[in-house]
Amino acid sequence: MRRLLRAKDRMDVASHEPWTVRSLAAVSGTSQAHFARSFRDAFGIPPHRYLLSRRIERAKALLRDTETLVTDIAFQTGWSSLGTFGRVFRDIVDESPTDYRAREGNSPSGLHEVPHCFVIAAYRPNLTSAVSEKRRQKEEDMLAP
């Protein structure tokens, strides 16, 4: 477990870096297959989904708390393509980054009075299913009578 936490901590600190299962397994000192399987067993989601949730969580905070351009936020949070960032953000949050900023920026949140750990937990995306699975489910729901 300590080895898994080492890799998870590295993802938390540097979620903007292009982490692969190979590099995370090297950090934890295990094989790739063992790392991926053990990470999922320990934390309930695969490493890639965990990394996505950290990136989206960070992007939401930057959109909510700063005036940084959406393009800059996409690259700061580890995305290599603005289009991919926008698509994945919309799939997870159910609105575009610009719409999210407009909604969250205009409402007085009072988040400065809440302990930071609670804010992080409240705004963490729930990625119990893959983004592609969520997208497919939405399409099926739209097609169903």
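These are my notebook entries on a predicted model of one protein chain.

**Entry 1: the overall fold**

I started with the secondary structure and found 9 helices and 0 strands in the protein chain. Read along the sequence, the pattern is therefore just α-α-α-α-α-α-α-α-α. I then looked up burial: 39% of the 145 residues count as buried. For the surface, I got about 8800 Å² exposed, with carbon and sulfur atoms supplying 53% of that area. I also checked how far apart in sequence the contacts reach. Taking contacts between residues at least 6 apart, 59% join residues at least 24 apart.

**Entry 2: helix α3**

Next I picked α3, residues 32-43, and tried a length check. With 12 residues at 1.5 Å each, the helix should span 16 Å, counting one step less than the number of residues. The end C-alpha atoms of α3 sit 16 Å apart, so the expected span agrees with the model.

Which residues of α3 are buried? I found F35, S38 and F39. Looking down the axis of α3, I see these buried residues fall within an arc of 105°, so they line one face of the helix. That fits the general rule: an α-helix has 3.6 residues a turn, so residues three or four places apart point the same way.

What do the buried residues of α3 pack against? I get three partners: α1 (2-13), α2 (21-28) and α4 (47-65). Just past the end of α3, I noted that G44 has a positive phi of about 85°.

**Entry 3: aromatics**

I searched the whole structure for aromatic pairs and got 6. One I looked at closely is F85 with F89: ring centres 5.7 Å apart, planes at 50°. Stacked needs under 30 degrees and edge-to-face over 60, so this pair goes down as tilted. Both residues belong to helix α6 (residues 82-93), and because they are 4 residues apart there, about one helical turn separates them. F85 has 0% relative accessibility, so I count F85 as buried. F89 also comes out at 0%, so F89 is buried by the under 20% cut-off.

Back at α3, I found that F35 and F39 belong to one aromatic cluster with F43 and Y50. Two of the cluster's members, F35 and F39, are thus names I already had from the buried list of α3.

**Entry 4: charges over rings**

Last, I looked for Lys and Arg charges over aromatic faces. K8 lies over the face of F43, 5.1 Å from the ring centre. R55 lies over the face of W79, at 5.7 Å from the ring centre.

Definitions and conventions: Residues numbered from 1 in each chain as written. Predicted model: local features only at pLDDT ≥ 70, side-chain atom pairs only at ≥ 80, totals over all residues. Heavy atoms only, no water. Buried < 20%, exposed > 50% of the residue type's maximum accessible area, 1.4 Å probe, protein only. Arc of directions from axis to C-beta. Contact = heavy atoms within 4.5 Å. Phe/Tyr/Trp six-rings, centres within 6.5 Å; stacked < 30°, edge-to-face > 60°. Lys NZ or Arg CZ within 6 Å of the ring centre and 35° of its normal. Areas by Shrake-Rupley, 256 points an atom, 1.4 Å probe, with all protein chains shown as cover.
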